[in-house]
Amino acid sequence: ELFVQYLATYSYKHGRGKEKNALTYSDLSHTAEECETFQFLADILPKKILASKYLKMLEKEKRDGEVGEDDEEDEDEEDEDETVDEVVGS
């Protein structure tokens, strides 16, 4: 209870809370990102993003993942070739 009170007070004082006379989610997420004491909350209180931006991020990760998987498959094939060469050379 005291921790939540401290988080809220800190976020209010260091955010835009005083200007708007209210504590907002963005104040909390900013505090979690910027303050070292609250860094562990960054995953719980992420910054808000638009759904369209999130979908673009997912699409990009998917494309990057496919490229990364292709690279891994090539490396696996190279490893197999080396193993075959070693066995044949013995």
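A residue counts as buried when its relative accessible area is under 20%, as exposed when that area is over 50%, and as partly exposed in between. With that in hand, let's walk through this predicted model. Buried residues make up 13% of the 90 residues in the chain. The secondary structure consists of four helices and zero strands, so read from the N terminus the elements simply go α-α-α-α. Of the contacts between residues at least 6 apart in sequence, 22% join residues at least 24 apart.

A good place to start is the interior. The largest nonpolar core has seven residues: Leu7, Leu28, Ala32, Cys35, Phe38, Leu41 and Leu45. Take Phe38 as a guide to what surrounds this core. Setting aside residues up to four places away in sequence, Phe38 touches Phe3, Tyr6, Leu7, Tyr10, Thr31 and Ala32. Two of these partners, Leu7 and Ala32, are themselves members of the core.

Now turn to helix 3, which spans residues 25–34. Which of its residues are buried? They are Asp27, Leu28, Ser29, Thr31 and Ala32, and this buried set packs against helix 1 and helix 2. There is a handy piece of geometry to keep in mind here: an α-helix has 3.6 residues a turn, so residues three or four places apart point the same way. Leu28 and Ala32 appear in the buried set of helix 3 and also in the largest nonpolar core.

From the helix 1 side, Ser11 is a useful residue to follow. Ser11 sits in helix 1, residues 2–14. Is Ser11 buried or exposed? Ser11 counts as buried because its relative accessible area is 0%, where the cut-off is under 20%. Beyond its neighbours up to four places away in sequence, Ser11 touches Leu23, Asp27, Leu28 and Thr31. With Thr31 there is also a polar contact, side chain to side chain, at 3.0 Å.

Asp27, one of those partners of Ser11, lies in helix 3. Asp27 is classed as buried because its relative accessibility is 6%. Leaving out neighbours within four places in sequence, Asp27 is in contact with Ser11, Gly15, Arg16, Gly17 and Ala22.

Just ahead of helix 3 comes Thr24, in the loop between helix 2 (17–20) and helix 3. Thr24 is partly exposed, since its relative accessible area is 23%. The side chain of Thr24 makes a polar contact with the side chain of Ser26 at 3.0 Å. Looking back along the chain, Thr24 and Ala8 are 16 residues apart in sequence, and their C-alpha atoms are 9.6 Å apart in space.

Next in line is Tyr25, which lies in helix 3. Tyr25 is partly exposed because its relative accessible area comes to 31%. Apart from neighbours within four places in sequence, Tyr25 is in contact with Ile44, Leu45, Pro46 and Lys48. Leu45 in that list belongs to the largest nonpolar core. As for Lys48, this residue is 23 residues from Tyr25 along the chain, with 8.6 Å between the two C-alpha atoms.

Several of these residues meet again at the largest pocket. How much space lies in that pocket? About 230 Å³. The pocket is lined by His14, Gly15, Arg16, Tyr25, Ser26, Asp27, Ser29, His30, Lys47 and Lys48. Helix 3 supplies the largest share of this lining, with five residues. By class, the lining holds one nonpolar, five polar and four charged residues. Tyr25 and Lys48 both belong to the lining, and the two are also in contact with each other. Asp27 likewise lines the pocket and is in contact with two other lining residues, Gly15 and Arg16.

Notes
Residues are numbered from 1 along each chain as its sequence is written. This is a predicted model: local features need pLDDT of at least 70, side-chain atom pairs count only at pLDDT 80 or more; totals for chains, interfaces and linings use all residues. Side-chain values use heavy atoms; hydrogens and water are left out. On a 1 Å grid over the protein atoms alone, a cavity is a set of points where a 1.4 Å probe fits but cannot get out, and a pocket is an open set with protein on both sides within 12 Å along at least five of seven lines; lining residues have an atom within 4 Å of a point. Grid points are joined across faces, edges and corners, and a volume is the space filled by probe spheres set on the points. Helices (H or I, at least four residues) and strands (E, at least two) are DSSP runs, numbered from the N terminus. Ala, Val, Leu, Ile, Met, Phe, Trp, Tyr, Cys and Pro count as nonpolar, Asp, Glu, Lys and Arg as charged, and the others, Gly among them, as polar. A nonpolar core is a set of buried Ala, Val, Leu, Ile, Met, Phe, Trp, Tyr and Cys residues joined through side-chain atoms within 4.5 Å. Buried means under 20% relative accessible area, exposed over 50%, partly exposed in between (1.4 Å probe, protein chains only). Contact means heavy atoms within 4.5 Å. A polar contact is a pair of N or O atoms within 3.5 Å; within protein, one must be able to donate a hydrogen and the other to accept it, and residues adjacent in sequence count only if both atoms are side-chain atoms.
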